[in-house]
Amino acid sequence: MLTRVTLENFKSFREKTWIDFTKTNYTILPRNVADNGVLKGCVFVGANASGKSNILSSIKLLLDLLFLERSVNSGMYLCMFGKSACYTIEYEFKIQGHFIRYVLSVEGEKPSITEHLYLDGALLMERMGLSARSYIADPSGVMYDSDDIGKDTLFLRTLYFNTKFASNEILREWMEYLKHSIYVNMFEKKIIPYGGANVSLTSYLEQLGCDSINKFFDAYHFQQRIEYSHSSEGGNIRVVTGKEESDKMIFFKRDGINVPIPFPEESLGNQNLLRILPSFLRVIKDSGMLLIDEFSSGFHNDLETLLIRYFMENATNAQMIFVSHSTNILSNSILRPDQEYSVEFLEGTGSVVKRFSSEQPRSAQNIEKMYVSGVFGGLPNYVEVPHED
């Protein structure tokens, strides 16, 4: 599980910034903490354009470069107002009680990539430009040169796909954890699974049917169910999609009415819920990271709360890391103060992050009220529209 991300000169983060995903001394909501002491997730709140999504981008970048055959593009991630032509991201994970640290630095002018991989503090891999050495299979080190290393490709990716880390169980499990991760952008309706599992709604229903989703609806009293079929009927209505039996559509049916409602005719909230549920169910089952940008898009506040609680109660070694504008979730009945971060963009400095637990709020305090009153920062600084007399 991810325990820490450190950013420097990355996008809006000019100064070195640490984001910690391990628990503090709070004892509330023990279900929100995995057995290894790592938090099952956290939320980032703040004004528009404060840098919240850039934190998710730093995690997504590692997944993209490892599993989507993307090349490193320094121009997209270098801080435009920074003091250096190099950006650095450091990732730390806890796997089977062991700590994996991977450090990626990209020099923008050349460009040139530097990588270091550590396991419990011991160096396992180092790369600078087009030369590298791996100590994973041979403690004395195996040398690699430009014939083995792609100029714009992670050496970590090359090593993994060439060797599958056959000699190191911890690294293999780490890669499996990363592969089971999914990125979701609710506003753009974009879902990216990194391990090959198809979590698009229709593919999920084709493979697994409607049972798991309808069980979720039943358990949380949604008073509705779905069907995925060529036709559906109820009341005095029968709806058919396409000419062939293989042509299928998702239909909603509400309890007590039972009339089929085609998916495109349903509310945006229900559409978004159905789109995201396969990702929730898959990450909880397989263990990985669920990265969600614009989580509150199209959701009622209570639905957002329900999904967070569902994840925290049902996940074991999975994490939900998300951005939201809903302040109602800043509650000690939903998330712990060490799971809540504000992000603020300061003139001349860039994005800064504040962990709510740094103010040591008590378990009985109203965290949402403290946030909107400015205790944790991360509030927009707009001028109010004047009232007319």
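1. Let's start at the end of helix 7: the residue that follows this helix is Ser287, and its phi is positive, near 75°. Keep in mind that you are looking at a predicted model. Helix 3 offers a similar thing to look for, since Lys164 comes after it with a positive phi near 55°.

2. Now follow helix 7 itself, residues 268-286. Its 19 residues reach 28 Å from the first C-alpha to the last, close to the 27 Å expected at 1.5 Å a residue. The helix bends by about 30° at Ile276, and Pro278 follows within four residues. Helix 7 is mostly covered, with 15 of its 19 residues buried.

3. Gln271 is a good residue to click on in helix 7. Is Gln271 buried or exposed? Its relative accessible area is 11%, and buried means under 20%, so Gln271 counts as buried. A polar atom of its side chain lies 3.3 Å from the backbone oxygen of Phe263. Beyond its close sequence neighbours (up to four places away), Gln271 touches Phe263, Pro264 and Glu266.

4. Next, the nonpolar interior. The largest nonpolar core has 61 residues, and Phe93, Tyr102, Leu117, Trp174, Met289 and Ile321 have the most contacts inside it. Helix 1 (residues 52-67) gives the most to this core, with nine residues. A second, separate core has 51 residues, including Met186, Tyr228, Leu274 and Tyr371.

5. Trp174 deserves a closer look. Setting aside neighbours within four places in sequence, Trp174 is in contact with Phe93, Ile95, Ile100, Tyr102, Leu117 and Leu156. One of these partners, Leu156, is among the buried residues of helix 3 (residues 155-163).

6. Side chains of opposite charge can pair when their charged atoms come close. The count here comes to 16 salt bridges. In one of them, Glu90 pairs with Arg101, with the closest N and O atoms 3.4 Å apart. Glu90 is in strand 4 and Arg101 in strand 5, so the pair ties together parts 11 residues apart in sequence. Glu90 is partly exposed at 21% relative accessible area, and Arg101 is partly exposed at 28%.

7. Two more pairs are worth finding. Glu176 and Lys179 form a salt bridge at 3.5 Å; both lie in helix 4, three residues apart, about one turn of the helix. Lys253 and Glu227 meet at 3.1 Å, N to O. This pair links strand 15 with strand 12, 26 residues apart, and both of its residues are buried. Finally, salt bridges with shared partners join Lys60, Asp64 and Arg70 into one network.

Terms used:
Residues are numbered from 1 along each chain as its sequence is written. This is a predicted model: local features need pLDDT of at least 70, side-chain atom pairs count only at pLDDT 80 or more; totals for chains, interfaces and linings use all residues. Side-chain values use heavy atoms; hydrogens and water are left out. Buried means under 20% relative accessible area, exposed over 50%, partly exposed in between (1.4 Å probe, protein chains only). Helices (H or I, at least four residues) and strands (E, at least two) are DSSP runs, numbered from the N terminus. A nonpolar core is a set of buried Ala, Val, Leu, Ile, Met, Phe, Trp, Tyr and Cys residues joined through side-chain atoms within 4.5 Å. Contact means heavy atoms within 4.5 Å. The expected span of a helix is 1.5 Å times one less than its number of residues. The bend at a residue is the angle between axes fitted to the seven residues ending there and the seven starting there. A polar contact is a pair of N or O atoms within 3.5 Å; within protein, one must be able to donate a hydrogen and the other to accept it, and residues adjacent in sequence count only if both atoms are side-chain atoms. A salt bridge is a side-chain nitrogen of Lys or Arg within 4 Å of a carboxyl oxygen of Asp or Glu.
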